[in-house]
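This report describes the fold, the interior, the charged pairs and the surface of the model shown below. It is best read with the structure open alongside the text.

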Amino acid sequence: MPGPTDRALDTRLLRFRSRPGSEPALALASDLLDAGRGADALDVVSVGLSERPADIDLRILEGRAFGTLGDLLKAQASLLEAAKAGQRKEPFRWLA
């Protein structure tokens, strides 16, 4: 199943920027990252983490987004923080 169109993502992103609670940050950031829009995904993740700093899924997505943008040190830091915070294997998968 194809992902959301660029226009639909733009609409969702604009709505989120004007009303951050309009949809879950995780879903929008994930769709943006899947569409190759790492910088936009980081903007959304940043808002989500400001509201829920202990959210492991947002922290993992942050690490993935930094990785796609080539900032490997920040990617590693985010993924290690996620790994320390929970009992899940997923952060380690992205670190490999």
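## Overall fold

From the N terminus on, the elements of the protein chain run α-α-α-α-α-α, so that the chain in this predicted model has six helices and zero strands. The C-alpha atoms fill a box of roughly 35 × 25 × 25 Å, taken along the principal axes. A compact globule with 96 residues would have a radius of gyration near 12 Å, and the 13 Å of the protein chain agrees with this.

Of the 96 residues, 38% count as buried. Among the contacts with a separation of 6 or more, 40% are accounted for by residues 24 or more positions apart.

## The nonpolar core

The largest nonpolar core has 18 residues, and those with the most contacts inside it are Leu28, Ala29, Leu32, Val44 and Val45. At least two residues of this core are supplied by each of α1 (6–18), α2 (25–34), α3 (38–51) and α4 (56–68).

Which residues does Leu32 touch, not counting those up to four places away in sequence? They are Leu9, Leu13, Arg37, Asp40, Ala41 and Val44. Of these, Val44 is itself listed among the core residues with the most contacts, whereas Arg37 and Asp40 appear again below, in a network of salt bridges.

## Salt bridges

A search of the whole structure finds 12 salt bridges. Side chains of opposite charge can pair when their charged atoms come close.

One of these pairs is formed by Arg12 and Glu23, whose side chains meet in a salt bridge at 2.7 Å, N to O. The pair links distant parts of the chain, with Arg12 in helix α1 and Glu23 in the loop between α1 and α2, 11 residues apart. Are the two partners buried or exposed? Arg12 counts as buried because its relative accessibility is 16%, under the cut-off of 20%, and Glu23 is likewise buried, with a relative accessible area of 15%.

## A charged network and a further pair

Asp43 forms a salt bridge with Arg17, the closest N and O atoms being 3.1 Å apart. This pair also links distant parts of the chain, since Asp43 lies in helix α3 and Arg17 in helix α1, 26 residues apart. Asp43 is partly exposed, with a relative accessible area of 40%, and Arg17, at 45% relative accessibility, counts as partly exposed as well. Both residues belong to a network of salt bridges that links Asp10, Arg17, Arg37, Asp40 and Asp43.

Asp55 forms a salt bridge with Arg52, and here the closest N and O atoms are 2.2 Å apart. The two partners of this pair fall into separate accessibility classes: Asp55 is buried, with a relative accessible area of 12%, whereas Arg52 counts as exposed at 52% relative accessibility.

## Two buried positions in helix α4

Ile56 lies in helix α4 and counts as buried, at 17% relative accessibility. Leaving out residues up to four places away in sequence, Ile56 touches Ala82, Ala85, Gly86 and Arg88. The C-alpha atoms of Ile56 and Leu42, which are 14 residues apart along the chain, are separated by 15 Å.

Glu62 also has its place in helix α4, and although its side chain carries a carboxyl group, this residue counts as buried at 12% relative accessibility. Where its neighbours within four places in sequence are left aside, Glu62 is in contact with Leu42, Val45, Leu49 and Ser78. Of these, Val45 is one of the residues with the most contacts inside the largest nonpolar core.

## The surface

The protein chain exposes about 5900 Å², and carbon and sulfur atoms supply 55% of this area. On the surface, Leu80, Phe92 and Leu95 form a nonpolar patch, with about 250 Å² of accessible area together.

Within this patch, Phe92 lies in helix α6, which covers residues 90–95. Phe92 counts as partly exposed because its relative accessibility is 47%, a value in between the cut-offs of 20% for buried and 50% for exposed residues.

How values were computed
Residues numbered from 1 in each chain as written. Predicted model: local features only at pLDDT ≥ 70, side-chain atom pairs only at ≥ 80, totals over all residues. Heavy atoms only, no water. Core = buried A, V, L, I, M, F, W, Y, C linked by side-chain atoms within 4.5 Å. Buried < 20%, exposed > 50% of the residue type's maximum accessible area, 1.4 Å probe, protein only. Helix = DSSP H or I, 4+ residues; strand = E, 2+ residues; numbered from the N terminus. Contact = heavy atoms within 4.5 Å. Salt bridge = Lys/Arg side-chain N within 4 Å of Asp/Glu carboxyl O. Rg over C-alpha atoms; globule rule 2.2 N^0.38 Å. Areas by Shrake-Rupley, 256 points an atom, 1.4 Å probe, with all protein chains shown as cover. Patch = residues over 30% accessible without salt bridge, like charges linked within 9 Å, V, L, I, M, F, W, Y side chains within 5 Å.
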